[in-house]
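Hello,

Here is the structure I said I would pass on. My notes on it follow below the display.

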Amino acid sequence: MDTPKLYSLPKLEYDYNALAPIISEDLLKLHHDKHHAAYVNGANAILQKMDKARADGIDFDTKATFKDLSFHIGGHLLHSLFWQNLAPQDKDGGGNPSKTIAKVIEEEYGSVDRFKKIFSQAAVSVEGSGWAALTFCKKTNRPIIMQVEKHNTNVYPMFRILMVLDVWEHAYYLDYKNDRAKFVEAFWTIVDWTEVNKRLEDLLNG
Ligand code: MN
């Protein structure tokens with residue numbers, strides 16, 4: 001097989017300054033080019049170490065390696081989803097959901113406002129570094145909020161991620177200092193509901 005079989009850092013679909021003042025240009029650049037890139041490079045380094053072990057016919061520390069691999073792949077995939085469910089305010093960012101996602105949220109949570117409150121509480125209360133995600137379970141046809149610690153703990157296998165919010169300190173410290181709640185509140189003004197709805201409809205129609 002000639003293809004590299006490694007991960008690559010996706011380009012953002014908007015300029016580094018496009019989410020300001022909610023996320024400053026400096027913060028977005030640092031977050032994408034340094035932090036996200038580190039997970040891509042970390043995952044690739046582990047895969048290459050495993051390739052080398054096979055080529056050299058040697059063993060590797062399976063437990064530590066797979067734990068590390070889960071962390072880095074989780075970090076890469078969650079960041080990729082995160083960038084895509086954000087949009088500048090003069091494009092699709094902010095506002096309220098409509099179409100299928102609005103219907104599903106209202107049915108499960110009673111109202112969009114109540115959903116936002118619960119999701120925000122989930123994001124603010126993630127223990128240590130982590131993420132809040134809105135997922136969808138096809139077995140029960142319910143949206144379910146997932147509170148991820150680090151990049152890979154408390155993950156529901158197979159639940160599609162519709163929307164995700166990074167609440168690692170590196171996601172907000174430069175602009176919000178230690179005020180995670182303020183960053184979470186600001187997130188609602190740049191969330192891309194069109195993308196969130198598309199992910200849900202793709203899942204339901206897939
Ligand atoms: Mn991050």
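**The largest pocket**

Three elements each supply at least two residues of the lining of the largest pocket: helix 2, strand 2 (142-149) and strand 3 (160-166). Please keep in mind throughout that this is a predicted model.

Helix 2 gives the largest share of that lining, four residues. The volume of the largest pocket is about 220 Å³. Its lining has 13 residues, and those closest to the centre of the pocket are G74, L77, L78, V155 and I161. By type, the lining divides into nine nonpolar residues, three polar and one charged.

**The manganese site**

Which protein atoms are the donors of the manganese ion? They are NE2 of H31, NE2 of H79, OD of D166 and NE2 of H170, at 1.9 to 2.1 Å from the ion. Along the chain these donors follow the spacing H-x47-H-x86-D-x3-H. H31 belongs to helix 1 (residues 25-56) and H79 to helix 2 (residues 62-84), so this pair ties together parts that are 48 residues apart in sequence.

Are these two histidines buried or exposed? With a cut-off of under 20% relative accessible area for buried, H31 is buried at 3%, and H79 is buried as well, at 0% relative accessibility.

**Nonpolar cores**

The largest nonpolar core has 51 residues, of which F115, F119, L134 and M163 touch the most other members. Another core lies apart from it and has six residues, among them A43, I46, L47 and L69.

For L134 I have the contacts in full, leaving out residues up to four places away in sequence. L134 touches I101, I105, Y109, F115, F119 and P143, and also I144, I145, R160, I161, L162 and M163. Two of the other residues named above for the 51-residue core, F115 and F119, are thus among the contacts of L134, as is M163.

**Backbone points to check**

If you plan to set up calculations, these are the backbone entries I noted.

- The peptide bond from A20 to P21 is cis, and its omega is near 5°. P21 is located in the segment before helix 1.
- K99 is not a glycine, yet its phi is positive, about 60°. This residue lies in helix 3 (residues 99-109). K99 counts as exposed, with 63% relative accessibility.
- M158 is not a glycine either, and has a positive phi of about 80°. Its place is the loop between strand 2 and strand 3. M158 is exposed, at a relative accessible area of 82%.

**A pair distant in sequence**

How far apart are the C-alpha atoms of Q48 and L6? They are separated by 8.5 Å, while the two residues are 42 residues apart along the chain. Q48 is in helix 1, and at 42% relative accessibility Q48 counts as partly exposed.

**In short**

Helix 2 appears twice in these notes: H79, a donor of the manganese ion, lies in helix 2, and helix 2 also provides four residues of the lining of the largest pocket. Helix 1 holds the donor H31 as well as Q48.

Regards

How values were computed
Residues numbered from 1 in each chain as written. Predicted model: local features only at pLDDT ≥ 70, side-chain atom pairs only at ≥ 80, totals over all residues. Heavy atoms only, no water. Donors = N, O, S within 2.8 Å, 3.2 Å for Na, K, Ca; no water. Buried < 20%, exposed > 50% of the residue type's maximum accessible area, 1.4 Å probe, protein only. 1 Å grid on protein atoms, 1.4 Å probe; cavity = no way out; pocket = protein on both sides within 12 Å on 5 of 7 lines; lining within 4 Å. Points joined across faces, edges and corners; volume = space filled by probe spheres on them. Nonpolar A, V, L, I, M, F, W, Y, C, P; charged D, E, K, R; others polar. Core = buried A, V, L, I, M, F, W, Y, C linked by side-chain atoms within 4.5 Å. Contact = heavy atoms within 4.5 Å.
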